[in-house]
Structure formats: C-alpha cells, structure tokens
Amino acid sequence: MKEELLQLHLQMLQDKIDAFQDRISILTEDAQNDAKSSAGDKHETALSMMHLEQEKLSIKIQEFIKQKNEILRIDISKKSDKIILGSIVQANNLWFFVSEALPKVTINGKSVFALSIHSPLGSLLLGKCKDDEVVINGTTYKIQTVL
C-alpha cells in the first residue's frame, strides 16, 4: 500500500508540474507572438501581466518540486512501531499517509489523507504509537494501526 501511495502522489505532483510548465510555455509563446504584432502602452502592460503570471506559475512549480523531493526522501522499506515520515496511520477509522499535504486518494477501497509532518495533526502524530491518542481542535484521535 505504501508503494502505491508513494507512486500515486509522485505521479500527481509530476502531472501538476507538467501542467504548470505547459502554461508557462503557452504564455511565453503568446508573449512572443504578441511582440511581433503590437506596440505601445497596451502591449507593455500585456507583457508585464504575462511575465507576472509566469513568475507565479514558476513559484508553484518550485513548491511542487519541493513536495516531490520530500516524498522521494521517504524510505518505504523502513519499519517502525512509531509514526515517522512515510507511515500509514489509521486513527478513528480514518487513514493517513504521513508525507506531504496532498489531496485525498483512494487505495484498495480506503480513502487516505496525506498529511504533512508540519501540519497540526501530522506534527502531533509524529513519534506516537498504536493506542496513543492526540487531541486537535477538540477531536481526540486514537491511533489504531501504524504501518
């Protein structure tokens, strides 16, 4: 299950990186085409807006690359009774993958939430074991399984 989750999240991030790179390429192409046919203040404003959008997209790409690199650090062969980076945790009949904050996915019929170790719940879970409890926002999470 860990291998599937890892690969699914890596693919999800790569798809986002590719999509944002495609958008940057389209903006670059549009800017080059616009430069051939336009001049004046409107042209300069349009180019500035395109450049700002490219910068925003580049920042998002860097964030996705950082998340991808964090996921690549996970050693799925590492076994631990304590919750560590890469652990799959069942608490309150919910499944969590301690990795990076990513969208919920379904694996083997189970909905799995990806948690960053820097998130409030993720940071509380780190180092905990089966039957431990953590409380966040008034909700108590009892750890049922650590994989």
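Which residues do ring pairs link into a cluster? The residues are Phe96, Phe113 and Tyr141. The model in which they appear is a predicted one. This report describes the chain as a whole, then returns to the cluster.

## Overall layout

The protein chain contains three helices and six strands. From the start of the sequence to its end, these elements come in the order α-α-β-β-β-β-α-β-β. Two helices therefore precede four strands, and one further helix comes before the last two strands.

The C-alpha atoms of the protein chain occupy a box of roughly 70 × 30 × 25 Å along the principal axes. The radius of gyration of the protein chain is 21 Å, whereas a compact globule of 147 residues would have one near 15 Å.

## Surface, contacts and charges

Of the 147 residues in the protein chain, 35% are buried. The accessible surface amounts to about 8,800 Å², and carbon and sulfur atoms contribute 52% of that surface.

Contacts in the protein chain can also be sorted by how far apart the two residues stand in the sequence. Among contacts with a separation of 6 or more, 56% are between residues 24 or more positions apart. As for charge, the chain carries 18 positive and 20 negative charges, and the mean positions of these two groups are 8 Å apart.

## The aromatic cluster

Three aromatic pairs are found in a search of the whole structure. One of them joins Phe96 and Phe113, with 6.0 Å from centre to centre and 40 degrees between the planes, and this pair is tilted. The pair links distant parts of the chain, since Phe96 belongs to strand β2 (residues 94-99) and Phe113 to strand β4 (residues 110-116), 17 residues apart. The two partners are covered to differing degrees: Phe96 has a relative accessible area of 5% and is buried, while Phe113 has 31% relative accessibility and is partly exposed.

Phe96 also pairs with Tyr141. The ring centres of Phe96 and Tyr141 are 6.3 Å apart and their planes stand at 80 degrees, so this pair counts as edge-to-face. Here too distant parts of the chain are linked, with Phe96 in strand β2 and Tyr141 in strand β6, 45 residues apart. Phe96 thus takes part in the tilted pair with Phe113 and in the edge-to-face pair with Tyr141.

## The surroundings of Tyr141

Tyr141 sits in strand β6, which covers residues 139-146. Is Tyr141 buried or exposed? Tyr141 counts as buried because its relative accessibility is 16%, and the cut-off for buried is under 20%.

Leaving aside residues up to four places away in sequence, Tyr141 touches Ala91, Asn92, Leu94, Phe96, Leu121, Asp132, Glu133, Val134 and Ile136. Its ring partner Phe96 is therefore among the residues within the contact limit of 4.5 Å. Leu125 is 16 residues from Tyr141 along the chain, and the C-alpha atoms of these two are separated by 9.2 Å.

## A position in helix α2

Asn69 is part of helix α2, which runs over residues 41-72. With a relative accessibility of 43%, Asn69 is classed as partly exposed. Asn69 and Leu10 are 59 residues apart along the chain, and 9.2 Å separates their C-alpha atoms.

Methods: Residues are numbered from 1 along each chain as its sequence is written. This is a predicted model: local features need pLDDT of at least 70, side-chain atom pairs count only at pLDDT 80 or more; totals for chains, interfaces and linings use all residues. Side-chain values use heavy atoms; hydrogens and water are left out. The radius of gyration is taken over C-alpha atoms; the globule rule is 2.2 Å times the number of residues to the power 0.38. Buried means under 20% relative accessible area, exposed over 50%, partly exposed in between (1.4 Å probe, protein chains only). Accessible areas come from the Shrake-Rupley method with a 1.4 Å probe; for residues, only the protein chains shown count as cover. Lys and Arg count as positive and Asp and Glu as negative; His and the chain ends are not counted. The place of a charge is taken as NZ of Lys, CZ of Arg, CG of Asp or CD of Glu. Rings of Phe, Tyr and Trp (its six-membered ring) pair if their centres lie within 6.5 Å; planes under 30 degrees apart count as stacked, over 60 as edge-to-face and the rest as tilted.
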